[in-house]
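Trainee: Could we go through this one together, step by step? I'd like to practise reading a model.

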Amino acid sequence: MNHSEIAKSGYANEQWLADLLTSWRTNSDAKKIIQYFGYNLDNISNAYGVRLGNTDKTDVLLVAHEGDTSSQVGISCKK
C-alpha cells in the first residue's frame, strides 16, 4: 500500500467507528465501547460518533447525552 491508500483506509476506519457509535441502541459492540469509557447505558438518552478529520490526535468524537448534559470523548484510530 502506498501512503495515499493507507490514508484512505484510515478515513474509512474512522467513518466506520463513527457510524458504529451512532448505532449504539442496536449494536452490542457500540454499547461495549460506550461502557468502556465509563458511561452507564441506562443514563444515556442519546449518543453518536463524529469523524473529525484533520486533527492532531482525535479522529472520532463520541458524544453522549445524559439528561440535560452532554460530554465528549476523543478517540484516536490506528490501523
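Trainee: Which helix is Glu 14 found in?
Mentor: First, a bit of background: this is a predicted model, where local features need pLDDT of at least 70, side-chain atom pairs count only at pLDDT 80 or more, and totals for chains, interfaces and linings use all residues. Residues are numbered from 1 along each chain as its sequence is written, and side-chain values use heavy atoms, with hydrogens and water left out. Helices (H or I, at least four residues) and strands (E, at least two) are DSSP runs, numbered from the N terminus. Residues 3-22 make up one such helix, and Glu 14 sits in it: helix α1.

Trainee: Is Glu 14 buried or exposed?
Mentor: Let's take the cut-offs: buried means under 20% relative accessible area, exposed over 50%, and partly exposed in between (1.4 Å probe, protein chains only). Glu 14 has a relative accessible area of 8%, so Glu 14 is buried.

Trainee: Which residues does Glu 14 touch, not counting residues up to four places away in sequence?
Mentor: Contact here means heavy atoms within 4.5 Å. With those sequence neighbours left out, Glu 14 touches Arg 51, Asp 59, Val 60 and Cys 77.

Trainee: How many salt bridges does a search of the whole structure find?
Mentor: The rule asks for a side-chain nitrogen of Lys or Arg within 4 Å of a carboxyl oxygen of Asp or Glu. Searching the whole structure that way, the count is one salt bridge.

Trainee: Which side chain meets Arg 51 in a salt bridge?
Mentor: Arg 51 is partly exposed, at 28% relative accessible area. The N to O distance is 3.7 Å, and the partner of Arg 51 is Glu 14. Arg 51 lies in strand β1 (residues 46-51) and Glu 14 in helix α1, so the pair ties together parts 37 residues apart in sequence. So the name you wanted, the salt-bridge partner of Arg 51, is Glu 14.

Trainee: How many aromatic pairs are there?
Mentor: Rings of Phe, Tyr and Trp (its six-membered ring) pair if their centres lie within 6.5 Å; planes under 30 degrees apart count as stacked, over 60 as edge-to-face and the rest as tilted. By this rule the count is one.

Trainee: What kind of pair do the rings of Tyr 36 and Phe 37 make?
Mentor: Their centres are 5.2 Å apart and their planes are at 85°, so the pair is edge-to-face.

Trainee: Which strand does Ser 70 lie in?
Mentor: Ser 70 is partly exposed, with 47% relative accessible area. Leaving aside neighbours within four places in sequence, Ser 70 is in contact with Ala 64 and His 65. The strand of Ser 70 covers residues 69-75 and is strand β3.
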